[in-house]
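Me: I am a first-year student learning to read protein models, and I would like to go through this one slowly. Could you take my questions one at a time and show how each answer is reached?

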Amino acid sequence: MDRDERVLRELLSAHGRTYAEEAGIRLKDTPQPLYRLLVLALLLSARIRASVAVAAAQALHEDHLDSPRRMADADWQQRVDALGRGGYRRYDERTATQLGDGAELLLDRWSGDLRRLHEEAHGDTGELRRLLQEEPGVGPAGADIFLREAQRVWREIAPYLDDKALDGAQRLGLPKDPDKLTELAGNTEPAVLAAALVRAALDKEVAEDCLRRAS
């Protein structure tokens, strides 16, 4: 086993878990899990710790704000309270508005079903990324987060390793080529690989620990 394989093995062993899994989302190509993933992607895209975004996504789910209809029907204060309980206080008021507006758009444009957005893109990854950004609060970073995770069920977009994931590869001294990385990862799902690489990009200690254990 060469150096790159050892580094990647250590990374995946310690951090091979998607953010959807961390938030308790059993991702399927069905409306509710896809919507919960969209909400999680929006929350993760803010300049806030990933653990806080995950906790906020879980709090919204606990309050049954886990479908576009329920999110749209909830009042603004209910959304603010759920976000606050998850520790998402710095952006709670703006995000509560975005979640409400985004749910309304999703209902109006795609009947509350992200599979319809997927169909509209006709398998074009760039178009998927563009359509996702029509949702209030979902910018390029949020769209990338969603697609990194959604490649688990929308397999035609895999491997989806965006710039943030490739930054993690660079920090680990791994090749910044999606095909080479997926080859090194063997049977590991691209969504899991992407999440692990992003954790290395976001946390220098994650990368340093993997490099130390692989040496």
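Me: Is arginine 130 buried, partly exposed or exposed, and what is its relative accessible area?

Reply: This is a predicted model, so the answer is a value computed from predicted positions. A residue counts as buried under 20% relative accessible area and as exposed over 50%, with partly exposed in between. Arginine 130 falls in that middle range and is partly exposed, with a relative accessible area of 40%.

Me: Which residue forms a salt bridge with arginine 130?

Reply: In general, side chains of opposite charge can pair when their charged atoms come close. For arginine 130, the closest N and O atoms of the pair are 3.3 Å apart, and a salt bridge requires such atoms to be within 4 Å. The partner, which is itself partly exposed with a relative accessible area of 29%, is glutamate 134.

Me: How many residues apart in sequence are the parts that glutamate 134 and arginine 109 tie together?

Reply: The side chains of glutamate 134 and arginine 109 also meet in a salt bridge, with an N to O distance of 2.2 Å. Glutamate 134 lies in the loop between helix H9 (125-132) and helix H10 (140-150), whereas arginine 109 lies in helix H7 (residues 92-110), so the pair ties together parts whose separation in sequence is 25 residues.

Me: Which helices does the salt bridge between arginine 213 and glutamate 10 tie together?

Reply: The side chains of these two residues meet at 2.3 Å, N to O. Because arginine 213 lies in residues 204-214 and glutamate 10 in residues 3-15, the pair ties together parts that are 203 residues apart in sequence, namely helix H14 and helix H1.

Me: Which of these two, arginine 213 or glutamate 10, is buried?

Reply: The cut-off for buried is under 20% relative accessible area. Arginine 213 has a relative accessible area of 33% and is partly exposed. With a relative accessible area of 14%, the buried residue is glutamate 10.

Me: Which residues are linked with Glu10 in a network of salt bridges?

Reply: The salt bridge between arginine 213 and glutamate 10 can be placed in a wider setting, since Glu10 and Arg213 both belong to a network of salt bridges. Besides Glu10, the residues linked in this network are Arg9, Asp209, Arg212 and Arg213.

Me: Which residues does leucine 211 touch, not counting those up to four places away in sequence?

Reply: Leucine 211 has its place in helix H14 and counts as partly exposed at 28% relative accessibility. Leucine 211 and arginine 171 are 40 residues apart in sequence, yet their C-alpha atoms are 9.7 Å apart in space. Apart from its sequence neighbours, leucine 211 touches Arg3, Val7, Arg171 and Leu172.

Me: What is the relative accessibility of alanine 194?

Reply: Alanine 194 is found in helix H13 (residues 190-202). Leaving aside neighbours within four places in sequence, alanine 194 is in contact with Arg148, Gln151, Tyr160, Leu161 and Ala165. Alanine 194 counts as buried, and its relative accessibility is 0%.

Me: Which residues gather with Glu183 in a patch of negative charge on the surface?

Reply: Glutamate 183 has its place in helix H12 (residues 178-185) and is exposed, with a relative accessible area of 67%. The residues that gather with Glu183 in this negative patch are Asp2, Glu5 and Asp179.

How values were computed:
Residues are numbered from 1 along each chain as its sequence is written. This is a predicted model: local features need pLDDT of at least 70, side-chain atom pairs count only at pLDDT 80 or more; totals for chains, interfaces and linings use all residues. Side-chain values use heavy atoms; hydrogens and water are left out. Patches are made of residues with over 30% relative accessible area and no salt bridge: like charges are joined within 9 Å, nonpolar side chains (Val, Leu, Ile, Met, Phe, Trp, Tyr) within 5 Å. Accessible areas come from the Shrake-Rupley method with a 1.4 Å probe; for residues, only the protein chains shown count as cover. Lys and Arg count as positive and Asp and Glu as negative; His and the chain ends are not counted. The place of a charge is taken as NZ of Lys, CZ of Arg, CG of Asp or CD of Glu. Helices (H or I, at least four residues) and strands (E, at least two) are DSSP runs, numbered from the N terminus. Buried means under 20% relative accessible area, exposed over 50%, partly exposed in between (1.4 Å probe, protein chains only). Contact means heavy atoms within 4.5 Å.
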